[in-house]
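This report walks through one protein chain, beginning with a single residue and moving outward to the whole fold. Please keep the sequence and the structure in view while reading.

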Amino acid sequence: PEAQVRFNEFKPKLQHNIILMLSDESPTELLTPKGKQELQERIAKGLNKLLDENTKTGISEVLFTDFIIQ
């Protein structure tokens, strides 16, 4: 429950940072599994930095439910 409350407090900042990270990505790189994996790692690292956490106490995994490249 505490994590959910904290997530909701930071949700706008988290979404904003994810959008900024995605806008810096090359569509060509994101078409490869390696590119997607590297993006997952960058998102987790960036959000943990924003939350002042690490992978043991913060975000340890980023999962994509939809992935559309235009």
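## A starting point: I43

Which residues does I43 touch, not counting residues up to four places away in sequence? In this predicted model, I43 touches I18, M21, V62 and F64 once those sequence neighbours are set aside. I43 is a useful place to begin, since it returns below both as a member of the largest nonpolar core and as one of the residues that lie nearest the centre of the largest pocket.

## The chain as a whole

The secondary structure of the chain consists of three helices and zero strands, and from the N terminus on the elements follow the order α-α-α. Helix α1 covers residues 2-23, helix α2 covers 27-30, and helix α3 covers 33-51. Along its principal axes, the C-alpha trace spans about 40 × 25 × 20 Å.

The chain has 70 residues, and 19% of them count as buried, where buried means under 20% relative accessible area. The accessible surface comes to about 5,700 Å², and carbon and sulfur atoms account for 55% of this surface. Among the contacts in the chain with a separation of 6 or more, 51% are made by residues that stand 24 or more positions apart.

## The largest nonpolar core

In soluble globular proteins, nonpolar side chains tend to be buried together. In this chain, the largest nonpolar core has 10 residues, namely F10, L14, M21, L30, L39, I43, A44, L47, L51 and V62. Helices α1 and α3 each supply at least two residues of this core, and the largest share, five residues, comes from α3. M21 and V62, which belong to this core, are also among the residues that I43 touches.

## Two pockets

The largest pocket has a volume of about 500 Å³ and is lined by 23 residues, of which I18, L22, I43, F64 and F67 lie nearest its centre. Helices α1, α2 and α3 each contribute at least two residues to the lining, although the largest share, seven residues, comes from α1. When the lining residues are sorted by character, 15 are nonpolar, five are polar and three are charged.

The second largest pocket holds about 180 Å³ of space, and its lining is made of E2, A3, R6, F7, L14, L51, E53, T57, G58 and I59. Here too α1 gives the most, with five residues, and the lining divides into five nonpolar, two polar and three charged residues. L14 and L51 appear in this lining and are also listed in the largest nonpolar core.

## Two helix residues, E29 and L50

E29 lies in helix α2. Is E29 buried, partly exposed or exposed? Its relative accessibility is 43%, and because partly exposed covers the range between 20% and 50%, E29 counts as partly exposed. Leaving aside neighbours within four places in sequence, E29 is in contact with G35 and K36. The C-alpha atoms of E29 and L39, which are 10 residues apart along the chain, are separated by 9.5 Å.

L50 has its place in helix α3, and with a relative accessible area of 28% this residue is also partly exposed. Not counting residues up to four places away in sequence, L50 touches F10, K13, L14 and N17, and two of these, F10 and L14, belong to the largest nonpolar core. Although L50 and H16 are 34 residues apart along the chain, their C-alpha atoms are separated by 11 Å.

## After the third helix: D52 and K56

D52 is found in the segment after α3, and D52 has a positive phi of about 60 degrees although this residue is not a glycine. Its relative accessible area is 69%, and because exposed means over 50%, D52 is classed as exposed.

K56 is likewise found in the segment after α3. Is K56 buried or exposed? K56 has a relative accessible area of 81%, so it is exposed by that cut-off. Measuring from C-alpha to C-alpha, K56 and E41 are 14 Å apart in space, while in sequence they are 15 residues apart.

Definitions and conventions: Residues numbered from 1 in each chain as written. Predicted model: local features only at pLDDT ≥ 70, side-chain atom pairs only at ≥ 80, totals over all residues. Heavy atoms only, no water. 1 Å grid on protein atoms, 1.4 Å probe; cavity = no way out; pocket = protein on both sides within 12 Å on 5 of 7 lines; lining within 4 Å. Points joined across faces, edges and corners; volume = space filled by probe spheres on them. Helix = DSSP H or I, 4+ residues; strand = E, 2+ residues; numbered from the N terminus. Nonpolar A, V, L, I, M, F, W, Y, C, P; charged D, E, K, R; others polar. Core = buried A, V, L, I, M, F, W, Y, C linked by side-chain atoms within 4.5 Å. Buried < 20%, exposed > 50% of the residue type's maximum accessible area, 1.4 Å probe, protein only. Contact = heavy atoms within 4.5 Å. Areas by Shrake-Rupley, 256 points an atom, 1.4 Å probe, with all protein chains shown as cover.
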